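Reader: Show me the model first. Then I want to ask what stands behind each label.

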Amino acid sequence: MGKLQVIDHPLIQHKLTIIRDKRTGTKYFREVVNEIARLLAYEVSREMPLEDVEIETPLVTSTQKRLAGKKVVIVPILRAGLGMVDGMLDLIPAAKVGHVGMYRDHETMEPVEYFIKMPSDLPERELLVVDPMLATGGSAVAAIDALKKRGATNIKFVCLVAAPEGVKVLQDAHPDVDIYTASLDEKLNDKGYILPGLGDAGDRLFGTL
């Protein structure tokens, strides 16, 4: 079973409170989401493999460390996942960016796929699938299904807030995918929204309330 890691760093928790507050406007909300994404990327990258490399410092020849292994693709689930991309690219600027378009049918609560664009070499890459919310888990599962069909094998899911129901759905469907979140919230309401949550992340990011 993939691990669930709740990243409770004080800076992340402080910033999460800001975006939960309904008084936080679009500009500030967008900025803070990117700040949280940057901090999450720092934690998610903690286990990236290193290799030895010999370099010349101004004084001596020295064996030091550099990143090894698979190259990273950041994969936002459209549209709200876009709000986390720039913050993660600040920390991992060489990463490529793929896109998965999913929306939730508000009648059936089921995800509908409408767009996918990825680098061609997914089996050779580590994918960070990002979406501010892990609510019912349907969109995350469908997005990861689509990526695995295209050859991806090394996938992590990164979100700002998660509901226990969504975590279970994702873990049951994809037990090989680790989940990183800034908060495991209480539950879903009867409309599939996370409580206490932060509202509709896409609407708050893009001002479409």
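**Labels and their cut-offs**

Author: Ala-201 lies in helix H6. A helix here is a DSSP run (H or I, at least four residues), a strand is one too (E, at least two), and both are numbered from the N terminus. The model is predicted, so local features need pLDDT of at least 70, side-chain atom pairs count only at pLDDT 80 or more, and totals for chains, interfaces and linings use all residues. Residues are numbered from 1 along each chain as its sequence is written, and side-chain values use heavy atoms, without hydrogens and water.

Reader: Why is Ala-201 called buried?

Author: Its relative accessible area is 3%. Buried means under 20%, exposed over 50%, and partly exposed in between (1.4 Å probe, protein chains only). The value of 3% is under 20%, so Ala-201 is buried.

Reader: What does Ala-201 touch, leaving out residues up to four places away in sequence?

Author: Phe-29, Ala-80, Pro-132 and Met-133. Contact means heavy atoms within 4.5 Å.

Reader: How do you know whether Asp-200 is buried or exposed?

Author: Neither word fits. Asp-200 has 27% relative accessibility, which lies between 20% and 50%, so Asp-200 is partly exposed. Asp-200 sits in the loop between strand S13 (194–195) and helix H6 (201–206). Beyond four places in sequence, its contacts are Arg-79 and Tyr-193.

Reader: What makes the approach of Asp-200 to Gly-202 a polar contact?

Author: The side chain of Asp-200 reaches the backbone nitrogen of Gly-202 at 3.1 Å. A polar contact is a pair of N or O atoms within 3.5 Å; within protein, one must be able to donate a hydrogen and the other to accept it, and residues adjacent in sequence count only if both atoms are side-chain atoms. The 3.1 Å is within 3.5 Å, so the pair qualifies.

Reader: Where does UniProt place the feature "binding site" that includes Ala-201?

Author: An unreviewed entry puts it at Ile-194, Gly-199, Asp-200 and Ala-201. UniProt positions follow the numbering used here, feature names are shortened, and annotations may be inferred rather than shown by experiment. The unreviewed record also gives a "binding site" feature at positions including Arg-79, Asp-131 and Asp-200.

Reader: Why is Asp-131 counted as buried?

Author: Its relative accessibility is 11%, under 20%, so the label holds. Asp-131 is in the loop between strand S8 (125–130) and strand S9 (133–134). Its contacts beyond four places in sequence include Ile-77, Met-84 and Phe-157.

Reader: What makes Leu-127 buried?

Author: A relative accessible area of 0%, which is under 20%. Leu-127 lies in strand S8. Leu-127 and Asn-154 are 27 residues apart in sequence and 6.2 Å apart in space, C-alpha to C-alpha. They are also in contact.

Reader: Why is Lys-71 called exposed?

Author: Its 55% relative accessibility is over 50%, so Lys-71 is exposed. Lys-71 belongs to strand S4 (residues 71–78). Its contacts beyond four places in sequence are Glu-124, Arg-125 and Glu-126.

Reader: How do you know how His-174 is classed, buried or exposed?

Author: Its relative accessible area is 3%, so His-174 is buried. His-174 is in the loop between helix H5 (164–173) and strand S11 (178–184). A polar atom of its side chain lies 3.4 Å from the backbone oxygen of Val-141. His-174 also touches Ile-144, Asp-145 and Lys-148.
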